[in-house]
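User: Please take a close look at the salt bridges in this model. I'm new to this, so plain words would help, and I'd like to hear what sits around them too.

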Amino acid sequence: MKYGLLTYDENRKFFNVGDNIQSLAAKQFLPQVDVYLNRERLADYTGERIKLIMNGWFTHNIHNWVPSEDIDPVFVSFHMNNTAAPFMLSEKGISYLKQHQPIGCRDQFTADTLNEKGIEAYFTGCLTLTLDSYKVDDSERGDKIYIVDPLYNYPRPEKVFYNPKLTVKNILNGKAFQLGKKNKHLKNFISEELLKKAEFINQEPPSNTYSDEQKFQMAEDLLNKYARAKMVITSRIHCALPCLALGTPVIFVNGFDSFVDSCRFDGILELFNRIDINSQTGDFTSNFGLNGKIDANTIIKNLEKHHALANALKKTVKEALS
């Protein structure tokens, strides 16, 4: 049997290291990787029949769905966003998914959407919950606190000013005036001392000039950092979910108001210690009894609700690949 692994090259000015972290979660189950397949061009593959774990977001290239018949898909942790679902669930798309049902879904929204179309589907959670293979001994854990892409859905300078279609007038009348909102809101629940002391990490570098090898190395490096962290504060699910697997205390900062974003989290948010923010006012609540602000002395324990999902995922994937 030959095995494939998903890669991600969408010719964008930005790329998400979290995608490669998802592929590392899949890779750990494979005896070897015989071919790398671009997530957005799966319909174009021709060659020897291969097994491919289909985890993550599908798909930006809605006109290139469904995958090639030469791909034997393993559907776990599959996400179909509400923006893509109307196109992917064509007659052809429904027939394809029924051919490979049951479909293991990363979130409850995807499972419900498929079930409504008569496709047998169930909630699995994300495959990154199985990344305990990167876990280190507690003696290797240091004092580093990482703040990873907090409130990244808020307007960001690199995206506001990079867009060549934006005129000066549009910038001044739109998002540019909101650029300071993220820092203002973060200061409501994170101490200024910690904001200065913590190391900030960007999981979506403003460039897509890296090779696949470099992208996977960046993903490995981040996992090794998170495994040794004292605490991580993030709005990235592909930072927060691996942290659960790694045993690293993590706080998920949820400031997502749009359904396009929030549908990805259905069934996942319950796994985290969480700060929920009103993106308009900055008002927030926590589900872990936060007194005052998060600082370098804050001690939290993960909820440990993810283990049943992680164990079931490991069993499902191993059986599907055997």
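Analyst: A salt bridge here means that a side-chain nitrogen of Lys or Arg comes within 4 Å of a carboxyl oxygen of Asp or Glu. Keep in mind that this is a predicted model. A search through the whole structure turns up twelve salt bridges.

Let's start with Glu-199, since it has two partners to talk about. One is Lys-144, with N and O 3.0 Å apart. That pair links distant parts of the chain: Glu-199 belongs to strand 10 (residues 199-201), Lys-144 sits in the loop between strand 8 (121-123) and strand 9, and 55 residues separate them. Glu-199 also bridges to Lys-225, where the closest N and O atoms are 3.1 Å apart. Because Lys-225 is in helix 9 and Glu-199 in strand 10, this bridge ties together parts that lie 26 residues apart in sequence.

How buried or exposed are these residues? "Partly exposed" covers what falls between buried, under 20% relative accessible area, and exposed, over 50%. Glu-199 has 24%, so it is partly exposed. Lys-144 gets the label "partly exposed" too, at 45%, and so does Lys-225, at 33%.

Now for a pair in another setting. Asp-149 and Arg-236 form a salt bridge whose closest N and O atoms are 2.8 Å apart. Asp-149 is in the loop between strand 9 and helix 5 (157-160), while Arg-236 is in the loop between strand 11 (231-234) and helix 10, so the bridge ties together parts 87 residues apart in sequence. Both Asp-149 and Arg-236 are buried.

Some of the elements we've just met turn up again in the largest nonpolar core. Its 52 residues include Ile-53, Leu-127, Tyr-226, Val-232 and Leu-241, which touch the most other members. Among the elements that give two or more residues to this core are strand 9 (145-148), helix 9 (212-227) and helix 10 (237-246). Helix 10 gives the most, with eight residues. For a feel of the packing, pick Ile-53: leaving out residues up to four places away in sequence, its contacts include Leu-6, Phe-29, Val-76, Leu-127 and Val-317.

Back to charged residues, and to a small corner worth a look. Lys-225, you'll recall, is the partner of Glu-199, 3.1 Å away by the closest N and O atoms. Elsewhere, salt bridges that share partners join Asp-19, Arg-39 and Glu-40 into one network. Arg-39 and Glu-40 also help line the second largest cavity, together with Leu-42, Ala-43, Thr-59, Asn-61, Asn-64 and Trp-65. That cavity has a volume of about 40 Å³, and there are two cavities of 30 Å³ or more. The lining residues split into three nonpolar, three polar and two charged.

What kind of peptide bond joins Phe-58 and Thr-59? That bond is cis, with omega about -15°. It stands out because most peptide bonds are trans. Thr-59, the cavity-lining residue, is in the loop between strand 4 (56-58) and strand 5 (71-74).

Conventions:
Residues are numbered from 1 along each chain as its sequence is written. This is a predicted model: local features need pLDDT of at least 70, side-chain atom pairs count only at pLDDT 80 or more; totals for chains, interfaces and linings use all residues. Side-chain values use heavy atoms; hydrogens and water are left out. A nonpolar core is a set of buried Ala, Val, Leu, Ile, Met, Phe, Trp, Tyr and Cys residues joined through side-chain atoms within 4.5 Å. Buried means under 20% relative accessible area, exposed over 50%, partly exposed in between (1.4 Å probe, protein chains only). Helices (H or I, at least four residues) and strands (E, at least two) are DSSP runs, numbered from the N terminus. Contact means heavy atoms within 4.5 Å. On a 1 Å grid over the protein atoms alone, a cavity is a set of points where a 1.4 Å probe fits but cannot get out, and a pocket is an open set with protein on both sides within 12 Å along at least five of seven lines; lining residues have an atom within 4 Å of a point. Grid points are joined across faces, edges and corners, and a volume is the space filled by probe spheres set on the points. Ala, Val, Leu, Ile, Met, Phe, Trp, Tyr, Cys and Pro count as nonpolar, Asp, Glu, Lys and Arg as charged, and the others, Gly among them, as polar.
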